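Visitor: I'd like to go through this one slowly and ask how each label was earned. Could you put it up for me?
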Amino acid sequence: MTCVITIANEKGGVAKTTTAVSLGAALAQGGQQVLVVDLDPQANLTLSLGIKPKSVHRTITDILLGNQDINSVSQETGVPGMFVAPSNQDLNMAERYLTVRDGYEFILRGALANTSSHDFIVIDCPPALGPVTHSALVAANLLIIPTQCEFFSANALRDMLNMIRSVRQNSNPQLHYRVLMTMVDLRNRMHRSLLEQIHKAFGTAVFKTIIQTDTRLRESPLFSQPITVYAPSSRGAIQYNALAKEVMKYVHEFA
Ligand SMILES: Nc1ncnc2c1ncn2[C@@H]1O[C@H](COP(=O)(O)OP(=O)(O)OP(=O)(O)O)[C@@H](O)[C@H]1O
Ligand SMILES: [Mg+2]
């Protein structure tokens with residue numbers, strides 16, 4: 001069975017794309033067949049894998065508009081076992097037309113169900129809770145919410161939880177979620193205190209693995225490589241490998 005993992009948070013810059021590409025690569029290097037899907041017109045995931053968004057002919061937009069199947073849109077990446085469904089600015093246009101269609105939120109789920117060759121599909125969402133993110137939540141088995149260790153993240157989490165509730169009620173009752181704490185600086189007292197509060201409030205719905213700040217994670221997209229390839233012994237690579245193990249364990253428990 002394919003496990004679909006959606007990475008979403010309406011807050012910008014919380015490491016959604018970094019998590020999608022790093023977790024995707026860590027799973028692939030662990031022997032899993034992985035498809036990462038760029039669902040953001042900014043196309044940062046596409047770019048960070050060395051693909052020029054303007055040069056791609058078939059993108060995730062073709063899937064949302066129902067013009068292509070997912071296999072014809074997917075491309076190989078430099079990581080064996082990891083494929084990418086790229087994005088570009090056309091997705092802005094698709095987002096406008098999408099909601100005109102009845103049941104638009106099921107199109108992506110239907111398209112992903114037609115591919116059985118992947119163990120994991122990891123979807124990177126834009127920083128908004130619009131129709132594209134909605135479609136990705138409907139398609140997901142597991143939602144990962146990357147959350148920065150800062151005060152304003154609590155509000156964004158509240159909005160995410162409301163959206164999860166609505167998606168569970170209307171279209172995907174099985175949707176599970178986990179919060180992932182990102183860009184944590186353990187030397188910072190406020191970070192340590194927020195970390196404790198989030199763990200208290202969310203309990204087992206927070207990943208045990210935390211992702212600490214690591215400048216190598218900022219560098220790796222410039223070299224078109226996921227962190228686990230660019231700097232395999234860096235703290236970022238070690239922590240994203242640990243996250244991949246935790247995700248695998250989760251899948252074995254819940255599948
Ligand atoms: N653990 C980390 N340590 C240091 N820098 C990080 C870490 N994680 C992510 N970054 C950097 O933070 C910035 C934002 O990360 P990223 O692009 O993954 O966030 P995002 O949530 O996808 O943003 P957007 O909402 O714009 O899509 C990037 O420059 C990225 O390299
Ligand atoms: Mg992003």
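Visitor: Are K200 and E196 buried or exposed?

Guide: Both K200 and E196 are exposed, a label for over 50% relative accessible area, with buried under 20% and partly exposed in between (1.4 Å probe, protein chains only). Bear in mind that this is a predicted model, where local features need pLDDT of at least 70, side-chain atom pairs count only at pLDDT 80 or more, and totals for chains, interfaces and linings use all residues. Side-chain values use heavy atoms, without hydrogens and water, and residues are numbered from 1 along each chain as its sequence is written.

Visitor: What makes K200 and E196 a salt bridge?

Guide: A salt bridge needs a side-chain nitrogen of Lys or Arg within 4 Å of a carboxyl oxygen of Asp or Glu. K200 and E196 have N to O at 3.8 Å, so the pair counts.

Visitor: Why is R187 called exposed?

Guide: Its relative accessible area is 73%, and the label takes over 50%, so R187 is exposed. The side chain of R187 also meets that of D185 in a salt bridge, at 3.1 Å from N to O.

Visitor: And why is E219 called partly exposed?

Guide: E219 has a relative accessible area of 27%, which falls between the two cut-offs, so partly exposed is the label. E219 pairs with R216 in a salt bridge, with the closest N and O atoms 3.2 Å apart.

Visitor: How do you know that T147 is buried?

Guide: T147 sits at 0% relative accessibility, under the 20% limit, so buried is the word.

Terms used
Chains lettered and ligands numbered in written order.
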